[in-house]
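The exercises below ask you to place individual residues in their surroundings, and each is followed by a solution that goes step by step. Please work through each task before reading its solution.

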Amino acid sequence: MTKRLDFEASVSMTRRRLLIASAASGGMLLTGKDHCWADETDSPSTDHFWYRLAPDGPYIDSQRDNKAFGFGLGKVYLSEDNGKTWPHDAIFRDADNITFSCILKNGNILFATRTRLFLSTDNLGTYKQIVVQDIDGSDYLPHQPIDPANPGWYFHSLDGVHTWDVGGKEMLVWGNYCNVLGGAVPVNIYYSTDSGQTVKIAYSFGQSPTFQQPGAGPSDLLGNPDNPVVCRHIHCVAYNPAENAFYACTGDHDRTDSDGNNRQECHWLRGTFDAQNDLWDWKVLVSVNSNSRFKSGGINFVDGQLYWAADANGTNGTMPHDRGIFRCDPADLTDPTKHEQLFNPQYESANMIIEDGVILSAHYAPASPYATGIIFSPDMGKTWAQYDLDEFGQRSGIRFHQKNSDGWFRVDLRKGWIERGEVLYIKPKPR
């Protein structure tokens, strides 16, 4: 670990990290001697937090309180002691293609492959496929890919917090971060109000002229043909209880279609949900180019204030890039003069979580001199530190999960930007 700006171009890989990387990419999954947790006193640390990789064993894809959901070698797994042991498992042949999972408040587990959703209501004793319902109530079925090897990622998310208490009931809401690996797919916001038993479309973006299947004809186009708002993928969806409203932001760039029209992909949307009538009302608040603080992610709401991390890039605007970690009143989102920049990490960052006064974010590795850059504030943005956990190589932190019952945040470490690598745990030190 280093607390500096320079970058080590090469990092030696220990046997244990090599085995973990092999397991995460579909190689042999190890259990046994190495499958144990050390306490924080045995973990490496910075001035602000302890950190460690997940132990050898199932790839830990999500966590909640004392529970963790993992997968590997044709099985799915459930732990009830934060990954120390795995008493529940089930055969699941497509385990290596899992792209999303969420543990619900009542214990249900919703998990997804590239194109299919599954739900277990009995600790993986059984599971069933869930077919998404479209806005009109019909079945929303995955497209038949022109290339069967690239069906796309329908359910994968960039953020890690997807459930909120809304009117005394838990709601699950998330958007898919897609059109990067695995083929073209439509871009959607999904939701469930019944612990995953029913999953529906909350919002469907339009047919992007850029992100379609190679060789697609007019009948093969993906997305909502009636919606002119297009994007590459969704960066984040979050809920503000003070407004009883959801916010979503998307990426990625400005693109010119074959007719010469400019299509902006960076949007902020605000949505409200009418539970009685099961209806959504979404409004586009902002549509901008990529060199803007509105090209962003990591939306959080604390005490009625809106926080987000901006990963502005591109050359279509005023330089230097309009990026950093910002805060404002939600009503002032569209007015940059009323934004407060809390910190500028200098490099792209579009993931962030806030819990118990701690702000945790990370660098986008391909655009940063840091190998594995971590951005940290222990006091809601009053003070900041940046660390390079360079022993892990070039990794980007995404899908931040809230702390488990042992006090550890869970973070995906992705190779480059999006290919699955390892799982990192971070535990803040007492202030």
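**Exercise 1.** State which residues glutamate 348 touches, not counting residues up to four places away in sequence, and say where glutamate 348 lies.

*Solution.* Glutamate 348 touches Asp311, Ala312, Asn313, Arg323, Ala362, His363, Tyr364 and Ala367, once residues up to four places away in sequence are left out; contact here means heavy atoms within 4.5 Å. The model is a predicted one, in which local features need pLDDT of at least 70 and side-chain atom pairs count only at pLDDT 80 or more, whereas totals for chains, interfaces and linings use all residues. Residues are numbered from 1 along each chain as its sequence is written, and side-chain values use heavy atoms, with hydrogens and water left out. Glutamate 348 itself lies in the loop between β23 (340–343) and β24, where strands (E, at least two residues) and helices (H or I, at least four) are DSSP runs numbered from the N terminus. Because its relative accessible area is 8%, glutamate 348 is buried; by definition, buried means under 20% relative accessible area, exposed over 50%, and partly exposed in between, with a 1.4 Å probe and protein chains only. As a last step, take the C-alpha to C-alpha distance to aspartate 259, which is 31 Å across a separation of 89 residues in sequence.

**Exercise 2.** Determine which strand holds alanine 310, and whether alanine 310 counts as buried or exposed.

*Solution.* Alanine 310 has its place in strand β21, which covers residues 305–310. Its relative accessibility is 2%, and therefore alanine 310 counts as buried. Leaving aside neighbours within four places in sequence, alanine 310 is in contact with Arg293, Lys295, Ser296, Asp322, Arg323, Gly324, Phe326 and Ser349. Leucine 141, by contrast, is 33 Å away in space, C-alpha to C-alpha, and 169 residues away in sequence.

**Exercise 3.** Find the backbone nitrogens that the side chain of serine 208 reaches, and then describe the cavity that Ser208 helps to line.

*Solution.* Start with position: serine 208 is found in the loop between β13 (200–204) and β14 (233–240), and it counts as buried because its relative accessibility is 5%. A polar atom of the serine 208 side chain lies 3.2 Å from the backbone nitrogen of threonine 210, and the side chain of serine 208 also reaches the backbone nitrogen of phenylalanine 211 at 3.2 Å. Beyond four places in sequence, serine 208 touches Leu222, Val230, Cys231 and Glu265.

Turn next to the empty space, which is shown by rolling a probe the size of a water molecule over the atoms. On a 1 Å grid over the protein atoms alone, a cavity is a set of points where a 1.4 Å probe fits but cannot get out, a pocket is an open set with protein on both sides within 12 Å along at least five of seven lines, and lining residues have an atom within 4 Å of a point. The whole structure has 2 cavities of 30 Å³ or more, and the second largest cavity holds about 50 Å³ of space. Its lining includes Ser208, Phe211, Leu222 and Cys231, and by class the lining has 6 nonpolar, 5 polar and no charged residues.

**Exercise 4.** Describe the lining of the largest pocket.

*Solution.* The largest pocket, with about 830 Å³ of space, is lined by 38 residues, of which Val161, His162, Thr163, Trp164 and Gln402 lie nearest its centre. Among the elements that give two or more residues to this lining are β2 (59–64), β10 (163–166), β14 and β28 (395–401). By class, the lining of the largest pocket has 17 nonpolar, 12 polar and 9 charged residues.

**Exercise 5.** Explain why cysteine 236 and cysteine 249 are not joined by a bond.

*Solution.* A disulfide is a covalent bond between the sulfur atoms of two cysteines, and the rule applied here asks for a pair of cysteine sulfur atoms within 2.5 Å. The cysteine sulfur closest to that of cysteine 236 belongs to cysteine 249, and because the two are 5.3 Å apart, they are too far for a bond. Cysteine 236 is buried at 4% relative accessibility, and cysteine 249 is buried with a relative accessible area of 0%. The count by this rule comes to 0 disulfides.

Key
Polar contact = N/O pair within 3.5 Å; in protein donor to acceptor, adjacent residues only side chain to side chain. Points joined across faces, edges and corners; volume = space filled by probe spheres on them. Nonpolar A, V, L, I, M, F, W, Y, C, P; charged D, E, K, R; others polar.
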